[in-house]
Protein chains: 2
Amino acid sequence: MELINQIAAIPLFEGLPPDQLKDLARIVVTKVIKRGQMIFSEGDEGTGFYVLISGRVKIFKLAPDGKEQILHIPVPGEPFGEVPVFAGERFPAYAEALEDSRSLFFPRSAFVSLVKRNPALTLNMMAVLARRLRRFTTMIENLSLKEVPGRLAAHFLYLSERKEGAGELRLDISKNQLASLLGTIPETLSRILARMAKEGLIETVGQRQIRILNRAGLEALAEGGKRLS
Amino acid sequence: MELINQIAAIPLFEGLPPDQLKDLARIVVTKVIKRGQMIFSEGDEGTGFYVLISGRVKIFKLAPDGKEQILHIPVPGEPFGEVPVFAGERFPAYAEALEDSRSLFFPRSAFVSLVKRNPALTLNMMAVLARRLRRFTTMIENLSLKEVPGRLAAHFLYLSERKEGAGELRLDISKNQLASLLGTIPETLSRILARMAKEGLIETVGQRQIRILNRAGLEALAEGGKRLS
DNA sequence: CGTGCGCTTGACTTTTTTCAATAAAGGTGG
DNA sequence: CCACCTTTATTGAAAAAAGTCAAGCGCACG
């Protein structure tokens with residue numbers, strides 16, 4: 001039962017008794033998504049939520065002129081599209097695969113009835129929602145109170161925290177996507193990377209590798225205590 | 001039993017059986033907050049959450065230079081400060097009373113044990129979190145993809161939806177606070193209001209009253225299909 | 001009655017975007 | 001394996017949007 005093991009490995013379902021894992025396995029649908037394919041659109045009816053198993057997807061908002069703001073890039077094991085399960089019925093954003101991906105889809109009604117019977121699952125799901133709220137408040141803070149160099153510095157520091165201790169970090173998305181995640185455009189991002197390098201804060205190795213040379217400098221930038229010249 | 005009635009009137013607790021309302025009444029603490037008083041600060045340990053009963057509070061982020069970004073202004077009956085109950089333990093933002101206010105405080109552990117026993121309460125709380133996520137995604141979208149005139153137009157339309165049908169609407173916060181809610185500064189807000197009035201989109205009546213003269217124009221602004229000259 | 005705070009307006013600066021051109025990279029099919 | 005073509009990234013110059021600094025008005029509150 002490959003499927004049951006996959007479900008059991010999802011943090012959201014940690015602590016569920018085996019029989020309830022089996023219940024989940026009965027209602028779940030595996031979805032395979034090709035790179036570039038849309039998973040859902042803003043305004044679509046949300047009849048359930050997803051958990052990313054492998055690959056990479058982006059959750060984003062879209063302006064009429066085509067500009068995107070990425071809200072979230074789930075890591076494997078993380079749920080997405082869960083808001084309409086609990087309020088509002090429709091997806092508040094778009095989801096598209098950045099790479100060929102695989103996810104599990106949990107239909108709403110079966111999941112809700114499971115929630116009703118299982119307090120541990122309830123608390124896990126609330127923790128997921130609360131963590132995402134926390135990240136969004138940080139995002140709002142960054143967009144509103146920091147300039148682009150500060151946002152970028154904060155992002156580098158964030159990445160370096162969750163990776164190995166070395167000052168080397170690998171961007172797992174393209175610079176276009178990174179710009180969209182930071183609420184700016186590729187040209188601006190490119191210029192700011194160049195300025196950071198010129199000031200000796202970072203060094204770029206290839207296109208997707210960044211080495212942090214001056215962590216304190218980045219922290220000062222992220223906190224607004226310093227500017228790039 | 002004034003208190004029980006107040007608790008029963010809170011949407012979050014809708015559908016709770018009387019004995020559980022009594023449980024809540026036993027653990028709840030009434031907090032009276034004076035205008036200008038801090039309720040909690042970012043980083044404080046969150047030992048429970050609040051429900052606003054009367055008055056007005058702002059939930060906001062603070063930049064080192066003192067600039068504020070308001071995240072949320074709960075209406076009476078709405079909970080706030082609930083994120084640390086479910087994840088992370090510390091408040092992600094500041095809360096301060098804009099007017100003399102009264103709120104109920106629910107200690108975390110007692111509330112969590114109640115959640116575990118009550119599926120309806122669970123689903124209500126998840127709906128609260130999911131709705132807030134939805135609002136934050138809209139906020140991120142506005143900050144990133146709209147310019148200030150578009151954000152202001154969207155805000156007016158939002159206010160006019162939840163009030164009476166007339167094109168007249170009353171701002172319930174100062175323009176300084178409104179600027180902070182929209183992610184800008186009072187000077188910019190002032191200029192844009194003047195431009196909107198000059199273009200015949202709105203008319204300002206006194207300092208806190210706005211009359212919408214051209215709803216379609218505001219909608220075009222909010223959708224990015226038009227610009228102020 | 002004065003002081004202070006909220007609000008407005010002007011002039012200027014800074015930041016970011018836009019438009020355009022070019023260069024580099026990556027994947028596909030021959 | 002290479003040539004081609006689309007996507008991704010960089011750089012420059014100009015424009016636009018928003019923020020800063022400063023001054024002044026008016027109303028409310030003590």
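Which phosphate oxygen contact does a polar backbone atom of A:V148 make with DNA strand C, and at what distance? I looked this up before anything else, keeping in mind that the model is predicted.

**Entry 1: DNA strand C**

I found a phosphate oxygen of DNA strand C at 2.7 Å from a polar backbone atom of A:V148. I then went to A:T184, where an N or O atom of the side chain is 2.5 Å from a phosphate oxygen of DNA strand C. For the bases I noted B:R191, which has a side-chain N or O atom 2.9 Å from a base nitrogen of DNA strand C. I listed the elements that give two or more residues to the surface near this strand: helix 6 (148-161) and helix 8 from chain A, and helix 7 (175-182) and helix 8 from chain B. Helix 8 of chain B has the largest share of that surface, with four residues.

I counted 19 residues around DNA strand C, the closest being A:V148, A:T184, A:T188, A:R191 and B:R191. By class, I have four nonpolar, seven polar and eight charged residues on the surface near DNA strand C. I also checked which strand atoms lie within 4 Å of the protein: 72% belong to sugar or phosphate, and the rest to bases.

**Entry 2: DNA strand D**

I repeated the search for the other strand. Here 17 residues surround DNA strand D, and the closest are B:V148, B:T184, B:I185, B:R191 and B:R227. Of the atoms of DNA strand D within 4 Å of the protein, I get 62% in sugar or phosphate, with the rest in bases.

I wrote down three polar contacts. B:T184 has a polar side-chain atom 2.5 Å from a phosphate oxygen of DNA strand D. A:N176 uses a polar backbone atom, which is 2.9 Å from a phosphate oxygen of DNA strand D. A:S190 has a side-chain N or O atom 3.1 Å from a sugar or linking oxygen of DNA strand D.

Both protein chains appear in the list of elements as well. I find at least two residues of the surface near DNA strand D from each of helix 7 (175-182) and helix 8 (186-198) of chain A, and from each of helix 6 (148-161) and helix 8 (186-198) of chain B. I sorted the residues of that surface into three nonpolar, six polar and eight charged.

**Entry 3: chain A against chain B**

How many residues does each chain give to the contact? I count 44 residues from chain A and 44 residues from chain B. The two chains bury about 3,700 Å² between them, and 77% of this is on carbon and sulfur atoms.

For polar links I have eight residue pairs in polar contact between chain A and chain B, both residues at pLDDT 80 or more. I also have two salt bridges between the chains. One salt bridge joins the side chains of A:E141 and B:K61, at 3.3 Å from N to O.

I then asked which elements of chain A give two or more residues to the side that touches chain B. They are strand 4 (57-62), strand 5 (68-72), helix 3 (83-86), helix 4 (108-117) and helix 5 (119-145). Helix 5 of chain A supplies the largest share of this side, 21 residues. The residues on this side of chain A divide into 25 nonpolar, seven polar and twelve charged.

**Entry 4: relation of the copies**

I superposed chain A on chain B with a rotation of 180° and 0.0 Å of shift along its axis, at an RMSD of 0.0 Å. The two copies are therefore related as by a two-fold rotation axis. I checked the contact residues too: 100% of those of chain A recur in chain B, and the same surface serves both copies.

**Entry 5: salt bridges**

Over all chains I have 26 salt bridges. I looked up the pair A:D23 and A:R117, whose closest N and O atoms are 4.0 Å apart. A:D23 is in helix 2 (residues 18-27) of chain A and A:R117 is in helix 4 of chain A, so this salt bridge ties together parts 94 residues apart in sequence.

Terms used: Residues are numbered from 1 along each chain as its sequence is written. Chains are lettered from A and ligands numbered from 1 in the order in which they are written. This is a predicted model: local features need pLDDT of at least 70, side-chain atom pairs count only at pLDDT 80 or more; totals for chains, interfaces and linings use all residues. Side-chain values use heavy atoms; hydrogens and water are left out. A residue is near a molecule or strand if one of its heavy atoms lies within 4 Å of it. A polar contact is a pair of N or O atoms within 3.5 Å; within protein, one must be able to donate a hydrogen and the other to accept it, and residues adjacent in sequence count only if both atoms are side-chain atoms. Ala, Val, Leu, Ile, Met, Phe, Trp, Tyr, Cys and Pro count as nonpolar, Asp, Glu, Lys and Arg as charged, and the others, Gly among them, as polar. Contact means heavy atoms within 4.5 Å. Buried area is the accessible area (1.4 Å probe) that two parts lose on being put together, summed over both. Copies are superposed by least squares on the C-alpha atoms of residues with pLDDT of at least 70 in both.
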